[in-house]
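Biologist: I would like to learn how to read a model like this one. Could you take me through a few features?

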Amino acid sequence: MLPDQSARLSAAWEAVAPRIGDPVEVALVLGSGLGQLAEAVEDPVFVPYGEIPDFPVSTAPMHEGRFVIGRLHGRRVALMQGRVHLYEGWSAQDIALPVRLMRRMGADALVATNAAGALDPALKPGVPMLIEDHLNFTGVNPLTGPNDDALGPRFPDMSRAWDPDLRALALAAADAAGEDLPSGIYCGIAGPSLETSAERRWMRSIGAHAVGMSTVLEAVTAVHCGMRCVGLSAITNAADGGPEQQPDTIEEVLENAAHAGRRIAAILAELLPKLP
Ligand code: HPA
């Protein structure tokens, strides 16, 4: 039997509640190379994951591993400066815990960001992509195990996992920021090995536009606990698996994530004030 996730959440909440001040409105997760977005948070309170009982801590490169709670573009936010991933050895339930905790802090929207490889050759490294929908190819689900009906339903609907209204707001925000924002389907894998070229061509053939090692489990958790999701991928490398496919390097990924991250920051500056 899996450990009681509701008890874990309660223990985490008791530890953070006295530190965070007023309820938050929006939860944000910052992906690889996007951590600098946290620097814009005003009056920040920092809560390192390691100070929360039974909490997963980030070990991935450039993932700071803390909540930053404060005000961003006029909204009360809880921001994850660094997330946790399956490839670090964390379970799907570990990955769910920080999302549920931000829900408990008051957030009713989740803004997810990540670094992703472009399966679609039309997506160029350095551009942002709006997540229209996802494919969960991690092989796991954060809702496996006993369901606490107080958290969410046993069989949550995922037909509109990436909220159509928030996506429309994101497109309008990109327009206002003067940024091109193509939409696409994000395929989430467990990693840490990158996909083979055959896997990439297959993912493209079944309709995915970008691939990465995060986000899908957070989105399933967020929808389960009643949050609306919107997501932006930083396209960091060409991953079409064609004859010209180059080997991927973490340096290239982080450099392009920084380029796309500046554009994502500009879009978020327009989007956050308009979120319901
Ligand atoms: N594959 C998986 N994850 C990634 C990639 C990729 O090509 N680029 C950035 N994260």
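Modeller: Happily; we will look at a helix, then a ligand site, then a single side chain. Keep in mind that this is a predicted model.

Biologist: Let's begin with the helix. How many residues of α5 are buried?

Modeller: The general idea comes first. An α-helix has 3.6 residues a turn, so residues three or four places apart point the same way. Now the case here: α5 spans residues 216–224, and nine of its nine residues are buried. Among them are Val216, Glu218, Thr221 and His224. Buried here means under 20% relative accessible area.

Biologist: What covers the buried residues of α5?

Modeller: The cover includes one helix, α2 (92–104), and strands such as β1 (26–30), β5 (109–118), β6 (128–137), β7 (183–189) and β9 (228–238). After α5 comes glycine 226, with a positive phi near 90°.

Biologist: Now the ligand. Where does the ligand sit?

Modeller: You will find the ligand in the largest pocket. A good way to read such a site is to list the neighbours, then look for polar pairs. The residues around the ligand include Ala115, Ala116, Leu194, Val211, Met213, Thr236 and Asn237.

Biologist: Which strand gives the most to the shell around the ligand?

Modeller: That is β5, with three residues. At least two shell residues come from each of β5, β8 (210–212) and β9.

Biologist: And the polar pairs: which side chain has an N or O atom 2.8 Å from a nitrogen atom of the ligand?

Modeller: Glutamate 195 does. Another ligand nitrogen distance, 3.2 Å, leads to a polar backbone atom of glycine 117. On the oxygen side, a ligand oxygen lies 3.0 Å from an N or O atom in the side chain of arginine 200. As for cover, the ligand taken alone exposes 260 Å², and the protein buries 93% of that.

Biologist: Let me finish with one residue. Is asparagine 114 buried or exposed?

Modeller: For a single residue, check the accessible area, then the partners. Asparagine 114 lies in strand β5, and its relative accessible area is 0%, so it counts as buried.

Biologist: Which side chain is joined to that of asparagine 114 by a polar contact of 2.8 Å?

Modeller: The partner is threonine 215. Leaving aside residues up to four places away in sequence, asparagine 114 also touches others, including Gly31, Arg83, Tyr186, Ser214 and Leu232.

Methods
Residues are numbered from 1 along each chain as its sequence is written. This is a predicted model: local features need pLDDT of at least 70, side-chain atom pairs count only at pLDDT 80 or more; totals for chains, interfaces and linings use all residues. Side-chain values use heavy atoms; hydrogens and water are left out. Buried means under 20% relative accessible area, exposed over 50%, partly exposed in between (1.4 Å probe, protein chains only). Helices (H or I, at least four residues) and strands (E, at least two) are DSSP runs, numbered from the N terminus. Contact means heavy atoms within 4.5 Å. A residue is near a molecule or strand if one of its heavy atoms lies within 4 Å of it. A polar contact is a pair of N or O atoms within 3.5 Å; within protein, one must be able to donate a hydrogen and the other to accept it, and residues adjacent in sequence count only if both atoms are side-chain atoms. Accessible areas come from the Shrake-Rupley method with a 1.4 Å probe; for residues, only the protein chains shown count as cover. On a 1 Å grid over the protein atoms alone, a cavity is a set of points where a 1.4 Å probe fits but cannot get out, and a pocket is an open set with protein on both sides within 12 Å along at least five of seven lines; lining residues have an atom within 4 Å of a point. A molecule sits in a cavity or pocket if more than half of its atoms lie within 2 Å of its grid points.
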